[in-house]
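Biologist: Before we talk about labels such as buried or exposed, could you put the chain in front of us, so that each label can be set against its rule?

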Amino acid sequence: MMGGLNLGNIKGVRISADWSLFVALWLVAVSLALGSFPTWHPEWGGGLRWGVACLAAVLLFASVLVHELSHALVARSYGLEVRSINLFVFGGVANIEREPETPRAELMIAIVGPLTSIGLGLLFMLLGGWLARLGGDPERLLRDLGPGATLLFWLGPLNLFLGLFNLLPGFPLDGGRILRALLWRATGDLQAATRWASLAGQTIGFALVFAGLAMIFGARLPWLGTGVVSGLWISVIGWFLASAAAMSYRQLVILHLVEGVPVRRLMRREVAAVPPNLPVARLVDDYLMRSDQRAFPVLAGERLAGIVCLDDVRVVDRDVWSDVDVGTIMTPAAALETVRSGDELTVAMRAFSRKDVEQLPVVDDERLVGVLRRRDILKWLELQAPRSERPVHPRPA
């Protein structure tokens with residue numbers, strides 16, 4: 001869903017930052033350096049204001065990262081694989097590969113994030129109070145705070161707000177996942193619980209959209225305030241939440257449809273393959289131009305050696321197509337996501353989510369037995385989905 005900068009790994013979890021995160025960091029730093037800090041500390045110089053503002057922006061998203069890491073660590077304790085955490089303009093998301101197997105696991109994974117943020121908020125405020133040595137005239141308290149105490153008193157309430165906001169009972173917020181866990185425990189039906197939690201998430205999302213619009217037109221709302229910028233931001237967050245809630249429910253419906261369906265049922269067995277010593281010119285003339293197949297398995301005997309596709313050909317100068325072999329430009333098998341014919345489609349869909357590819361080789365005992373295409377899964381889902389979940393296509397007149 002998102003791309004950007006790889007920030008490294010923490011306990012085997014890849015941390016990445018979407019480019020929108022850097023826009024958010026810039027906006028936070030600018031609002032503090034040019035808005036809040038000059039009001040709170042008019043005696044601070046420009047260098048100090050910008051230095052503390054940039055540090056505050058970084059620490060804010062470091063707090064978001066700690067929030068998401070808490071989800072990841074608890075998920076792993078329940079045997080769920082967490083490959084990555086993505087940070088972006090609205091916060092972060094831990095990419096847990098599959099749904100928890102029990103309501104208790106769902107509840108524990110969901111609740112640890114808000115508790116972590118609330119704990120961080122209280123810790124920052126206690127440390128800030130210790131640094132400030134609270135006392136004296138309350139009206140002069142904020143002005144007399146040093147850079148460290150100012151930073152902590154700014155981070156503390158924000159983390160408290162982050163924790164409390166995430167407790168709103170709307171999926172996919174943590175509070176919505178808590179609600180889903182409780183409904184799942186009460187009904188024994190994960191899909192029904194997700195549907196109700198998703199509807200709650202959409203309701204909260206659209207409520208935020210309308211609240212933001214009211215703020216834009218001058219209304220002052222408790223906790224949210226007023227103004228065009230704040231109202232626009234609240235509306236965008238609400239729209240994002242409502243969209244994410246609807247999408248999360250559709251994803252669960254899809255996973256339930258493919259659960260128990262083996263890859264062999266949808267894979268294509270008759271697939272054109274090429275040898276690694278085939279010249280690129282012949283690949284283009286005899287294969288790419290004579291079929292609608294865009295990627296071709298490269299076989300050394302019956303063993304899969306790699307995949308070559310149209311994009312691989314594009315990086316080679318046309319003048320040397322006759323002199324370059326397919327084996328030189330292919331993506332080797334070791335770098336490919338593959339599935340077995342007996343795997344469930346849920347395994348294949350997780351592989352598709354890890355690699356942005358249109359097809360997966362189906363390999364049994366290092367022997368290629370077929371290819372599973374993304375478009376074939378989508379076509380099958382359209383045929384299997386309940387009528388209310390199917391995309392609507394206009395009928396020809």
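Modeller: Let us begin with D311 in this predicted model: D311 has a relative accessible area of 44%, and because partly exposed covers the range between 20% and 50%, D311 is called partly exposed.

Biologist: What makes R314 exposed or buried?

Modeller: The relative accessibility of R314 is 57%, and since exposed means over 50%, R314 counts as exposed.

Biologist: How do you know that R314 and D311 form a salt bridge?

Modeller: The closest N and O atoms of R314 and D311 are 2.8 Å apart, and the rule asks for a side-chain nitrogen of Lys or Arg within 4 Å of a carboxyl oxygen of Asp or Glu, so the pair qualifies. Both residues lie in helix α11 (residues 310-314), where they are three residues apart, which is about one turn of the helix.

Biologist: Why are R374 and E358 also called a salt bridge?

Modeller: Their side chains meet at 4.0 Å, N to O, and because the rule says within 4 Å, the pair is counted. R374 lies in helix α14 (residues 374-384), whereas E358 sits in the loop between α13 (345-354) and β8 (359-364), so the bridge ties together parts that are 16 residues apart in sequence.

Biologist: Which labels do R374 and E358 receive, and why?

Modeller: R374 has 24% relative accessibility, which falls between 20% and 50%, so R374 counts as partly exposed; E358 has a relative accessible area of 52%, which is over 50%, so E358 is exposed.

Biologist: Which residues are joined into one network by salt bridges that share partners?

Modeller: That network is made of E99, E106, R177 and R180. Within it, E106 forms a salt bridge with R180, with the closest N and O atoms 2.6 Å apart. This pair links distant parts of the chain, since E106 is in helix α3 (residues 103-132) and R180 is in helix α6 (residues 174-187), 74 residues apart.

Biologist: What makes E106 and R180 buried or exposed?

Modeller: E106 has 2% relative accessibility and R180 has 0%; buried means under 20%, so both E106 and R180 count as buried.

Biologist: How many salt bridges does the rule give?

Modeller: The count comes to nine salt bridges.

Biologist: Where is F90 placed, and which surface patch does F90 help to form?

Modeller: F90 is in the loop between β3 (82-88) and β4 (91-96). Together with L232, W233, V236 and F240, F90 forms a nonpolar patch on the surface, with about 430 Å² of accessible area together.

Notes. Residues are numbered from 1 along each chain as its sequence is written. This is a predicted model: local features need pLDDT of at least 70, side-chain atom pairs count only at pLDDT 80 or more; totals for chains, interfaces and linings use all residues. Side-chain values use heavy atoms; hydrogens and water are left out. Patches are made of residues with over 30% relative accessible area and no salt bridge: like charges are joined within 9 Å, nonpolar side chains (Val, Leu, Ile, Met, Phe, Trp, Tyr) within 5 Å. Accessible areas come from the Shrake-Rupley method with a 1.4 Å probe; for residues, only the protein chains shown count as cover. Helices (H or I, at least four residues) and strands (E, at least two) are DSSP runs, numbered from the N terminus. Buried means under 20% relative accessible area, exposed over 50%, partly exposed in between (1.4 Å probe, protein chains only).
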